[in-house]
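Colleague: Please walk me through this model, one step at a time. Start with a term I will need.

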Amino acid sequence: MGKRAVVIGSGIGGSGAAALLAGAGYEVTLLEGRPFAGGRCASLEKEGFRYDFGVHMFSRGDKGPLGEINRRSGGDLRWVTHEWPCHIMGRMEFDFPLDINSLLRQFYLARKLGVRPRNYPGAFRLFLDLMGGKGVEENDGVVLEYYVSRYTDDETVHLFVNCVSQLYFAQSYRESSAGEFLWCFSRMFKGASFGYPVGGGGAVPESYVGSAERLGGRALFGEEATRIVVEGGRVRGVETCAGTYPADLVISNLGMRNTVYLSGRENFPEEYVERAEGLKDSNAYVTIKYALDREVVPYPVVFYMPHLAPEKVFEYIEKREVPEEPYIFMPVPTNHDPGLAPPGKQLVIAGTAAPADASDELCDAILDRVHAQVCEIFPDLEGAMLWESRSTGADVRELTGHRAGECIGLAQVPGQVGRDRPDHATPVEGLYLVGADAGARGIGTEMAAGSALALVETLTRQD
Ligand SMILES: Cc1cc2nc3c(=O)[nH]c(=O)nc-3n(C[C@H](O)[C@H](O)[C@H](O)COP(=O)(O)OP(=O)(O)OC[C@H]3O[C@@H](n4cnc5c(N)ncnc54)[C@H](O)[C@@H]3O)c2cc1C
């Protein structure tokens, strides 16, 4: 028999780790508090529509760590990509291509974004460096706005990078780490595999759980871990309302803070607890899912860029106000997989950033503003609506048990990325962290998957 590994939580990190560990010969038990898999990347069902809990697109799809876990564990995930995946609207309007590696495409982008011709040299140098992805570590501690300013003061370039930063990290470019952005941007655009899985976002963690089970592991749903048992500085197992699961290894997908609470603060050095308490979380995303009785939006994804100055566009988050004109990220899942809705119907999801701990009233007011903007750009949407469903940071808080309703996880800001991201290993022997908050780089789900890959590589190397 292999080592007994108990994985707590079936988010992308937890389910990915369970599949990889089962494949590596561990005796795996996956404990998930909810009746469904996937955490923030779960899919839910209503009246024949299958929609994402969040508002998801996948930066590198099959070519990144999400695809790598699928391949290593013999999964059945399939991805859909489009040659022109994203329609930009608002301040400028054009189709954004999947592949921007050629000079011709880069020139097209500069023109469509409205970069002033006198700013072309700086904008192209920035673009080349972002695509090259060099100097990640030396720029981990640099704020992205400052990094962009080294190349150009062109307003549309700044607005574009700021909106992409909010899209990648749920964080304005006035806070994000330039090194982390370089890492993500270069890989996403070199890979040219931005896409969406058949079956919706939830198909990814569900497929990983399926692989873990096929490889001999077991997954137990509705089993909330109530205590991680630690004795003599070593992990011994996990307690749930249903019983105790002895373990040689416990892999926690709950984030650093909740893992400390569940294990007992007294089992960690004071500075570890202080660090866990002091880490900054990303912003939340608030979303509206639209179930439509016909096709209204003809694009795979819409990205709405406001007519605002770059430094103003996310000011409403700091001020805790309703945005004057919201930036909107709007994937259309049924334009990737029509099976996510009954025949002829369309599923559209619109989301924007909000403070992680915003009140329900503020979230609702932000979403009213998003809805008004969506109806302005697609006037037929209102008349085609069968139902809408909203989600906010409070739903994320309830799902993850985290104190903030953060979208991504720990904020990808200087001091919290690269070498400074919390490590998988904890001061408790045999207790490890996995997920968006531990030991990896990337965009949301790919960071969580990268974390699972890196953790399992470390563990299997140690054996
Ligand atoms: C609105 C929104 C939009 C997003 N958009 C994107 C996007 O476009 N692209 C992208 O890549 N990423 C996106 N993300 C981010 C991405 O979903 C997350 O970064 C990623 O899914 C986090 O995975 P994780 O492994 O950290 O686990 P989590 O999702 O945090 O899952 C943790 C799991 O642990 C379970 N759990 C908690 N406590 C217990 C307990 N005590 N016992 C047992 N189980 C427990 C939870 O039920 C959950 O299943 C978005 C997120 C949100 C919310």
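Modeller: Two strands pair if DSSP finds at least two bridges between them. Keep in mind that this is a predicted model.

Colleague: Which strands stand at the edges of the open sheet of 3 strands?

Modeller: The order in this sheet is β10-β11-β12, and the pairing is antiparallel. An edge strand here pairs on one side only. That description fits β10 (225–231) and β12 (243–246).

Colleague: What is the bridge partner of G237 in β12?

Modeller: Strand β11 covers residues 234–240. It pairs with β12 in the antiparallel sense, over 4 bridges. Across from G237, the partner in β12 is P246.

Colleague: By what angle are neighbouring strands of this sheet turned against each other on average?

Modeller: We stay with the sheet ordered β10-β11-β12. Direction is ignored here, and the average turn between neighbouring strands is 25°.

Colleague: Now the open sheet of 5 strands. Why is one side of β9 and of β19 left without a neighbour in the sheet?

Modeller: The order is β9-β2-β1-β13-β19, with parallel pairing. β9 (218–221) and β19 (431–433) stand at the edges. One side of each has no neighbour in the sheet, because each has a single partner strand.

Colleague: What is the average turn between neighbouring strands in that sheet?

Modeller: This is the sheet with parallel pairing. Direction is again ignored, and neighbouring strands are turned on average by 20°.

Colleague: Which residue in β13 stands opposite I8?

Modeller: Strand β1 holds residues 4–8, and strand β13 holds residues 249–252. The two run parallel, joined by 4 bridges. Opposite I8 in β13 stands S252.

Colleague: On to the helices. At roughly what angle do the axes of α1 and α15 cross?

Modeller: The two axes come within 8 Å. Their crossing is right-handed. The angle is roughly 35°.

Colleague: How many charged residues are in the contact of α1 with α15?

Modeller: The α1 side includes I12, G16 and L20. The α15 side includes T445, A448 and L455. The contact has 10 nonpolar and 4 polar residues. As for charged ones, there are none: no charged.

Colleague: Which element gives the largest share of the shell around the ligand?

Modeller: Of the 40 residues around the ligand, G9, G11, G39, G54 and G444 come nearest. Elements giving two or more residues to the shell are α1 (12–23), β2 (27–32), β14 (284–292), α14 (393–400) and α15 (444–462). The largest share is 4 residues, and it comes from α15.

Colleague: How many residues of that shell are charged?

Modeller: The shell divides into three groups. 17 residues are nonpolar and 18 are polar. The charged ones number 5.

Colleague: How far apart do the C-alpha centres of domain 1 and domain 2 lie?

Modeller: The domain assignment gives domain 1 as 4–46 + 57–79 + 200–280 + 413–462. Domain 2 is 99–189. The distance between their C-alpha centres is 32 Å.

Colleague: How many residues does the contact take from domain 2?

Modeller: Domain 1 gives 9 residues to the contact. These divide into 4 nonpolar, 3 polar and 2 charged. From domain 2, the number of residues is 16.

Definitions and conventions:
Residues numbered from 1 in each chain as written. Predicted model: local features only at pLDDT ≥ 70, side-chain atom pairs only at ≥ 80, totals over all residues. Near = placed C-beta within 6 Å. Nonpolar A, V, L, I, M, F, W, Y, C, P; charged D, E, K, R; others polar. Domains from an automatic or database assignment. Contact = placed C-beta atoms within 7 Å. Axes fitted to C-alpha atoms, helices over the stretch in contact; angles between N-to-C directions. Left-handed = near helix turned anticlockwise from the far one by under 90°.
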